Amino acid sequence: MAWYSQTWTWFDGAWHEGNPGLVGPRSHALWQSSSVFDGGRYFDGVAPDIDLHAARVNRSAVALGLEPTVTPDFIVEKMYEGAKKFAPGTALYVKPMYWAEADGPSTIMPDPDSTQFALCLFEAAMPQPTNGFSVTKGIYRRPTFETAPTDSKAGCLYPNNARILKAAKAAGFDNALVLDMLGHVAETATSNIFLAKDGVVKTPVPNGTFLNGITRQRVIRLLRENGVPVEECSLRYEDFETADEIFISGNYSKCMPVIRIDDRVLQPGPLFRKARELYMDFAHSKAKAA
């Protein structure tokens, strides 16, 4: 039985079902990690901010020395086309991808003219905020812009996230708050992070160590438009230890509550519920329908 869910991938002019082989042992991306991706969501017939995700994957490609071969509009068009291959009501993860096929100068550099593109759609249920999740302090840190391509959604960044998650889960937690090199909280291992204290929502200011997420930006905008003060600022781990609420934003699950930080139990609070309600209202009433 396949380890993956129902999947359709557009590559080289056609749709392919399952998990087609797209790279080989000489493919630059396989051994030099010259790959980028983005993640959108399609659920309930809508794909909120899918145009922004499509535009970002092209920017990520350029940041990694690749040459985008399709337009954001093309990605969006193909996404809606591919969504029709699934049963009505199926929630999907939308993953446009670029990678280098050929070596460039000095082998380590990719050849931008060999850039390949694929759009992968796969079945992925939308997590529900009924249980929330627990966090602790991550034992590894986010790199800086000077040490890694943190201005892109590059595949090479994610093994560090994986080892942060592995350590957190070994310690009995679902996720971890990840610090930057100066000791400020940057994000979790999988998403952007928020806290609420005395009626004010706070979130780490983008400082080049983590992506200023599309869902993050949308949540901030929606909260501010509805009278909730949101501050982007430098935050320490101790700020989260004493917060009234903690919640995350991310493409995969949108808005979810944190219900435990170390030994301290939290409850999903009114500002988390406001953020999720506003986001889901935006997604269903304003996002482009298929």
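This briefing looks at the aromatic side chains, the charges over rings and one surface patch. The structure is a predicted model, and it holds 12 aromatic pairs, two of which are described here, followed by two charged side chains that sit over rings and by a nonpolar patch.

**Aromatic pairs**

- In the pair formed by Tyr-42 and Tyr-80, the ring centres are 6.2 Å apart and the planes stand at 80 degrees, so the pair is edge-to-face, since planes over 60 degrees apart count that way.
- Because Tyr-42 belongs to strand S4 (residues 40-42) and Tyr-80 to helix H3 (residues 72-83), this pair ties together parts that are 38 residues apart in sequence, and both residues are buried.
- The rings of Tyr-98 and Phe-117 have centres 5.1 Å apart and planes at 50 degrees, so this pair is tilted.
- Tyr-98 lies in strand S5 (residues 92-100) and Phe-117 in strand S6 (residues 115-123), 19 residues apart, so that the pair links distant parts of the chain, and both Tyr-98 and Phe-117 are buried.
- Tyr-98 and Phe-117 also belong to one aromatic cluster, which they form with Trp-10 and Phe-74.

**Charges over rings**

- Lys-85 is placed over the face of Trp-8, at 4.6 Å from the ring centre.
- Arg-163 has its charged end over the ring of Tyr-140, 3.7 Å from the centre of that ring.

**A nonpolar surface patch**

- Val-23, Leu-30 and Trp-31 make a nonpolar patch of about 310 Å² on the surface.
- Within this patch, Val-23 is found in the loop between strand S2 (14-17) and helix H1 (28-32), and Val-23 is partly exposed, with a relative accessible area of 40%.

Terms used
Residues are numbered from 1 along each chain as its sequence is written. This is a predicted model: local features need pLDDT of at least 70, side-chain atom pairs count only at pLDDT 80 or more; totals for chains, interfaces and linings use all residues. Side-chain values use heavy atoms; hydrogens and water are left out. Patches are made of residues with over 30% relative accessible area and no salt bridge: like charges are joined within 9 Å, nonpolar side chains (Val, Leu, Ile, Met, Phe, Trp, Tyr) within 5 Å. Accessible areas come from the Shrake-Rupley method with a 1.4 Å probe; for residues, only the protein chains shown count as cover. A salt bridge is a side-chain nitrogen of Lys or Arg within 4 Å of a carboxyl oxygen of Asp or Glu. Helices (H or I, at least four residues) and strands (E, at least two) are DSSP runs, numbered from the N terminus. Buried means under 20% relative accessible area, exposed over 50%, partly exposed in between (1.4 Å probe, protein chains only). Rings of Phe, Tyr and Trp (its six-membered ring) pair if their centres lie within 6.5 Å; planes under 30 degrees apart count as stacked, over 60 as edge-to-face and the rest as tilted. A charge sits over a ring if NZ of Lys or CZ of Arg is within 6 Å of the ring centre and within 35 degrees of the ring normal.
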